[in-house]
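Open the structure in a viewer and keep the sequence panel beside it. The stops below give a selection each time, followed by what is found there.

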Amino acid sequence: MGDWGAKVSIKGIPVETAADHQLLFNSSWPLLKIHKQGSATITDTTKDVVITTHDLGYEPMFLVYAPIGANATSSQSRLITVPALINDTDLMWFGDYYSEPAGSIDVYYYIFRYDMTTNFTSGTVGITSATANVADDYGFKISKEGKDTSSTDGKDFVIHSSYRSPQIHKTFYKDQTSEGWSEEILHGLTYEPYFLFYTKNNYAGRATTGYWGLIDSRAQEQYGYIGESAVRVGAIPKGEMFVCIFKDPFSLEE
Amino acid sequence: MGDYGIKATLPGYDISGATVEQLAMTSEYASPKIKIGQTPPHFGIYHKYFATSEHYPDGETILTTINHGLGYKPMHFVLLRQTYPGVSTDARPLPSQAGKSFQIYSYATTSDLVIAVSSAGGTDIPEFVDWKFKYYIFVDNGA
């Protein structure tokens, strides 16, 4: 197949010299696509409840925000890990993992069209930023169904060249068969991009067998770090793991 | 509404039969978005360098607030790289925990992205420690 494709840069950046992270999209790699989003109320945080269902037939990437964690109040939104876990049909709240005072809380969730058993590496890596030199107000935007393209609300758009959207640089899936495993995943970006790390069945002994969870840096039995060349992840329990690395807007050295 | 829209496949897939997962983008599914050109920026770096040691008392201490002006609690990410003298560590997403008694975390309110620490009983951070936080504030809802 020939080297065909389409790409659109963000506002002000010449597309022919734009670095990967200065693009709105490039058909050589996927955007993070939202399958379902919404809010839900957990009326009893000590119980196991379905936050929402999905019909994807696979275990998708997801995020959940809720006002829980150290010193949290209801006026806050935080990215959370457990007790929110997902399988191929349900996004669940597992009350056993909720260690704060029982009660009712509101959560907000995203389920993405990305199967966590997918391995993907983007074909090209353009890391040298182009200088903005396009003064005219050109651009590219697609509104959501039923929304006007003249809207000033960014939430009304699928994509918009005045906004950055997360571009997937690499995803890595593996079923780790040994306890105490570690994995180094090279990304080749030469800067430290944002990444998400999920594991499955790493909450053994509970009712969560078959569920995936997002891992943060507080976990004692799992860890995930990123450097300028690689992501380093590991866990004590064996099982399936998945990492998603995004093309990033900038370097920590800037 | 009619079946309008655009889509682009990933390399190697035929547009006529590609699944959503085989598409680079499609107008049928939105992506999270970060607004460019905001003041303060909706993506950037907050840098804290400890020229001298600092003591964090029991409870929460806010390191910084970044006003986002959205009027609702947005989706957000924060990545932290901690560097200790002579040692450069890798970066990690927040929340992060150093021992059982000290946490570094972020949250969004309707006005700000907040980066804070929580100490149980008080924590001293030694001199020359360097914290760099990369933050991303999306226009999409986080509550």
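Start in chain B, at B:Pro40, which sits in the loop between strand 3 and strand 4 (43-49) of chain B. Show the backbone here: the peptide bond from B:Thr39 to B:Pro40 is cis, with omega near -5°. Keep in mind throughout that this is a predicted model. It scores ipTM 0.94 and pTM 0.93.

Next, move along chain B to B:Pro95, in the loop between strand 8 (87-93) and strand 9 of chain B. Here too there is a cis peptide bond, joining B:Leu94 and B:Pro95, and omega is about 5°. Most peptide bonds are trans.

**The sheet in chain B**

Now select strand 9 (residues 96-97) of chain B. Colour by pLDDT before going further: among the elements of chain B, strand 9 has the lowest mean pLDDT, 78, and strand 6 (residues 59-67) has the highest, 97. Over the whole of chain B the average is 91, and 96% of the residues score at least 70. Where pLDDT is low, the predicted coordinates should not be read in detail.

Add strand 10 (residues 102-108) of chain B to the selection. Two bridges join strand 9 of chain B to strand 10 of chain B, and the two run antiparallel. To see one pairing, pick B:Ser96, whose bridge partner in strand 10 of chain B is B:Ile104.

Extend to the sheet that contains these strands. It is an open sheet of four strands in chain B, in the order 6-11-10-9, with antiparallel pairing. Which strands are at its edges? Strand 6 and strand 9 of chain B are the edge strands, each pairing on one side only.

Zoom out to see how chain B is divided. The domain assignment gives domain 1 (1-31) and domain 2 (43-141) of chain B. Taken over C-alpha atoms, the centres of domain 1 and domain 2 of chain B are separated by 38 Å.

**Across to chain A**

Select strand 3 (residues 34-35) of chain B together with strand 13 of chain A. Two bridges join these strands, which run antiparallel. Within this pairing, A:Tyr163 has B:Lys35 as its bridge partner in strand 3 of chain B.

Widen the selection to the whole contact between the chains. It takes 57 residues from chain A and 52 residues from chain B. On the side of chain A that touches chain B, the elements giving two or more residues are strand 2 (23-26), strand 3 (34-42), strand 9 (105-115), strand 12 (157-160), strand 13 (163-164) and strand 18 (222-226) of chain A. Strand 9 of chain A provides the largest share of that side, five residues. Coloured by residue class, this side of chain A divides into 24 nonpolar, 18 polar and 15 charged residues.

**Inside chain A**

Stay with strand 18 of chain A, one of the elements in that contact. Which of its residues lie on the covered face, and which on the uncovered one? A:Gln222, A:Gly224 and A:Ile226 form the covered face, while A:Tyr223 and A:Tyr225 are on the uncovered face. In a regular strand the side chains alternate between the two faces of the sheet.

Follow the chain into strand 19 (residues 230-235) of chain A. Strand 18 and strand 19 of chain A pair in the antiparallel sense over five bridges, and a hairpin joins them through three residues. At A:Ile226, look across to A:Val231, the bridge partner in strand 19 of chain A.

Show chain A alone as a cartoon. There are zero helices and 20 strands. Along the principal axes, the C-alpha atoms fill a box of roughly 55 × 45 × 40 Å. Chain A has a radius of gyration of 20 Å, which agrees with the value near 18 Å for a compact globule of 254 residues. Buried residues make up 44% of the 254 residues. Of the contacts in chain A between residues at least 6 apart in sequence, 68% join residues at least 24 apart.

**Two backbone checks**

Select A:Asn71, in the loop between strand 5 (60-66) and strand 6 (78-80) of chain A. Although A:Asn71 is not a glycine, phi is positive, about 60°. A:Asn71 is partly exposed, with 14 other C-beta atoms within 10 Å.

Finish at A:Thr190, in the loop between strand 15 (181-186) and strand 16 (195-200) of chain A. A:Thr190 is not a glycine either, and has a positive phi of about 65°. Is A:Thr190 buried or exposed? A:Thr190 is exposed, with 12 other C-beta atoms within 10 Å.

Technical notes: Residues are numbered from 1 along each chain as its sequence is written. Chains are lettered from A and ligands numbered from 1 in the order in which they are written. This is a predicted model: local features need pLDDT of at least 70, side-chain atom pairs count only at pLDDT 80 or more; totals for chains, interfaces and linings use all residues. Two residues are in contact if their C-beta atoms, placed from the backbone, lie within 7 Å. Ala, Val, Leu, Ile, Met, Phe, Trp, Tyr, Cys and Pro count as nonpolar, Asp, Glu, Lys and Arg as charged, and the others, Gly among them, as polar. Two strands pair if DSSP finds at least two bridges between them. pLDDT is the predictor's confidence in each residue, from 0 to 100. Domain bounds come from an automatic or database domain assignment. The radius of gyration is taken over C-alpha atoms; the globule rule is 2.2 Å times the number of residues to the power 0.38. A residue is buried if 20 or more other C-beta atoms lie within 10 Å of its own, exposed if 12 or fewer, and partly exposed in between; C-beta atoms are placed from the backbone.
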